[in-house]
Protein chains: 2
Amino acid sequence: MTQLYLIRHGIAAERGEYTNDAERPLIEKGREKTTKVAQRLKEMGIQFEIILTSPLVRAYQTAEILQKVGLTEKVERFNPLSPDGDLLDWVKWWSNSGYNKENSCLALVGHQPDLGNWAEMLLWGRSEEKLIVKKAGIIGLSLPQQETPVGNSELFLLSSPKWLS
Amino acid sequence: MTQLYLIRHGIAAERGEYTNDAERPLIEKGREKTTKVAQRLKEMGIQFEIILTSPLVRAYQTAEILQKVGLTEKVERFNPLSPDGDLLDWVKWWSNSGYNKENSCLALVGHQPDLGNWAEMLLWGRSEEKLIVKKAGIIGLSLPQQETPVGNSELFLLSSPKWLS
């Protein structure tokens, strides 16, 4: 099994304050809540071999906070984590990545509704937007190594920041 | 929306130590972990209007711990929460109960794989045993009032006790 954590970016500046949506940064409250979640993950002994993140500023800044707290040494931008990205691009990446080993632990930082949709696809092979994922919220999935993870993964965690503080 | 928490009983005496499986009680470690989860729920400000529990000893004792911590004033045994019970019996009970109001908060204490199956039925209308629910673990669902909850509910929490301690 590979443990895959899907982490939604923290609270960002309002839409409209920036002409380019991709440039909206985290606001202070978003940094604080994200830091608390990151610290909780660290206390739980979690270490990510790599964090892939949406290239959008609010997501990349979220990944940087996770890195700063010591959860990973490696953060990389991954375009399919942008809004409306395709899970299958990630599955292809993962299959060829060397991170699909027994006991691998990885994280993806991105957006809603995409992260919830990706999780539902991994669990049931289809998505119906039934997972509530708050900003800086987390989904934890166990992925099999020997078969496609789509429709064959299991859910062990879904939480908003308030339960993790 | 009604908030419905599904809570699995804590760690119980091993199978085989009791000729009647229904009589297996919680062991000390099970009481401790369940108490920590109950205290966390209390800290989060949660109050259940009623806890329905499987009549099996390990489940009823779990519900008693939740009550003792102050999470509810009302615990009732509910036979469909026994192993292999039918979710639709609970749906029928709920529809006629007066607890299907806006902002109702209820809990069910029971067994695996039934609780996970019930949750999947509420979310997607079918169950594939993709939810990992540890002993004293919790599932949190939002149920609609105006339509059947089967296939129309949302998931806001799934956690093992270690994340809640």
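Copies here are superposed by least squares on the C-alpha atoms of residues with pLDDT of at least 70 in both. This is a predicted model, where local features need pLDDT of at least 70, side-chain atom pairs count only at pLDDT 80 or more, and totals for chains, interfaces and linings use all residues. Residues are numbered from 1 along each chain as its sequence is written, chains are lettered from A, and side-chain values use heavy atoms, with hydrogens and water left out.

Symmetry, then. A turn of 180° and a shift of 0.0 Å along the axis lay chain A on chain B, with an RMSD of 0.0 Å. The two copies are thus related as by a two-fold rotation axis. In chain A, the C-alpha of A:L158 is nearest that axis, at 2.4 Å.

Now the interface. Contact means heavy atoms within 4.5 Å. Chain A gives 28 residues and chain B gives 28 residues. The copies meet through the same surface, because 100% of the interface residues of chain A are also interface residues in chain B.

How much area do chain A and chain B bury between them? About 2,500 Å², with 60% of it on carbon and sulfur atoms. Buried area is the accessible area (1.4 Å probe) that two parts lose on being put together, summed over both. In chain A, the most area is lost by A:W124, A:K130 and A:W163, together 36% of what that side buries.

Polar terms next. The rule finds zero salt bridges across the interface (a side-chain nitrogen of Lys or Arg within 4 Å of a carboxyl oxygen of Asp or Glu).
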